[in-house]
Amino acid sequence: MPPITRTYVKTALVYLVLALMGGVFVTLRPVAQLVPWIAAFTPLYFHFFMVGWVTQLIMGIAYWMFPRKSKQQPRGSERLAWAAYWLLNLGLVLRLVAEPALTLTPLALWSWLLILSATLQWLGGACFVANTWPRVKEK
Amino acid sequence: MPRLSVWFVRASLIYLMVGFTLGALLLANKGVFLHPLVWRLLPAHIELLLMGWVVLLALGVAFWILPRWQTKRGNEKPAWAALLLINLGLWCVIAAAWLPGYDDLLWWGRSLEALGVAAFAFHAWPRVKPWVEG
């Protein structure tokens, strides 16, 4: 298993644990009505599960197992794969900070951090697709 | 990778990018209000990423790596039908959120998706077997 895949899979496992902990946290909402920002964790819970766990696991395994691009670059560009990893995760972490913070204090800073989070995650997805597309081919 | 898997996986990569684009718009809209219609993208965002990205990728990879008979993958027609039906269904479900007069569209979309995955299961069922045939 290449180092990038190990990093993707281990990070995905961390997100799985965090997502399920988030799920527990979200269930506290009816008994913790004094904490309005708990509601902001519901979309985070879904996205930590679907992006942090499912999508990231797929990205790591696809990098490892998909058909070779060429003899010179069997797995495509290592730089693009790392870029996808950092962009996606930085975007997710920014969302974890900015989304509940915006519920607490409507500062422009949090709004712009959310936009930055959206942009980084989109770019991460684009890097993954750009690197994977040439490897999806008939034998 | 067989031709059908290439179709499944490439479609899933396209849906991933379209789904991520809608997701980015939805998230940005939480930060800075863009337009009231942006929230109506939510069903399409969910459909594109759950059915389009995750399910199509899983089926495409399953068609590629499940056990075969020598080099044969059995009856491929139901798997090709699955590709067509799931894609049609997905677009019906997405369109249903934007065409309020066409209430049947959501039903048709979900039915086509269900038929599609049933067709794939019909194809894949006999391939879920030990490597050495007894």
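**Exercise 1.** In this predicted model, which side chain forms a polar contact with the side chain of A:Thr11? Place A:Thr11 in its chain and describe its surroundings.

*Solution.*
Step 1. Locate the residue: A:Thr11 belongs to helix α1 of chain A, which covers residues 3–27.
Step 2. Find the side-chain partner: the side chain of A:Tyr85 makes a polar contact of 2.7 Å with that of A:Thr11.
Step 3. Look for a backbone partner: the A:Thr11 side chain also reaches the backbone oxygen of A:Thr7, at 2.6 Å.
Step 4. List the contacts beyond four places in sequence: A:Thr11 touches A:Gln56, A:Tyr85 and A:Asn89.
Step 5. Classify the exposure: buried means under 20% relative accessible area. A:Thr11 has 15%, so A:Thr11 is buried.

**Exercise 2.** Is B:His123 buried or exposed? Identify its helix and its contacts.

*Solution.*
Step 1. Check the confidence of the chain: chain B has an average pLDDT of 94, and 98% of its residues score at least 70.
Step 2. Locate the residue: B:His123 sits in helix α4 of chain B, residues 104–124.
Step 3. Apply the cut-off of under 20%: B:His123 has a relative accessibility of 4% and therefore counts as buried.
Step 4. Find the polar partner: the side chains of B:His123 and B:Arg127 are joined by a polar contact of 3.1 Å.
Step 5. List contacts outside the four neighbouring places in sequence: B:His123 is in contact with B:Phe63, B:Arg73, B:Asn75, B:Glu76, B:Pro78 and B:Ala79.

**Exercise 3.** Which residues make the nonpolar surface patch of about 360 Å²? Work out how A:Ile61 qualifies for it.

*Solution.*
Step 1. Name the members: A:Met1, A:Ile61, A:Trp64 and A:Met65 make up the patch.
Step 2. Locate A:Ile61: this residue is part of helix α2 of chain A, residues 41–65.
Step 3. Classify its exposure: partly exposed lies between the buried limit of 20% and the exposed limit of 50%. A:Ile61 counts as partly exposed because its relative accessibility is 30%.
Step 4. Set the patch against the chain surface: chain A exposes about 7400 Å², with 73% supplied by carbon and sulfur atoms.

**Exercise 4.** How many helices and strands does chain A have? Describe the chain as a whole.

*Solution.*
Step 1. Count the elements: chain A has four helices and zero strands, in the order α-α-α-α along the sequence.
Step 2. Give the dimensions: the C-alpha trace of chain A spans about 60 × 30 × 25 Å along its principal axes.
Step 3. Give the buried share: 49% of the 139 residues of chain A count as buried.
Step 4. Consider contacts between residues at least 6 apart in sequence: in chain A, 77% of them join residues at least 24 apart.
Step 5. Note the scores of the model: ipTM is 0.93 and pTM is 0.94.

Definitions and conventions. Residues are numbered from 1 along each chain as its sequence is written. Chains are lettered from A and ligands numbered from 1 in the order in which they are written. This is a predicted model: local features need pLDDT of at least 70, side-chain atom pairs count only at pLDDT 80 or more; totals for chains, interfaces and linings use all residues. Side-chain values use heavy atoms; hydrogens and water are left out. Patches are made of residues with over 30% relative accessible area and no salt bridge: like charges are joined within 9 Å, nonpolar side chains (Val, Leu, Ile, Met, Phe, Trp, Tyr) within 5 Å. Accessible areas come from the Shrake-Rupley method with a 1.4 Å probe; for residues, only the protein chains shown count as cover. A salt bridge is a side-chain nitrogen of Lys or Arg within 4 Å of a carboxyl oxygen of Asp or Glu. Helices (H or I, at least four residues) and strands (E, at least two) are DSSP runs, numbered from the N terminus. Buried means under 20% relative accessible area, exposed over 50%, partly exposed in between (1.4 Å probe, protein chains only). A polar contact is a pair of N or O atoms within 3.5 Å; within protein, one must be able to donate a hydrogen and the other to accept it, and residues adjacent in sequence count only if both atoms are side-chain atoms. Contact means heavy atoms within 4.5 Å. pLDDT is the predictor's confidence in each residue, from 0 to 100.
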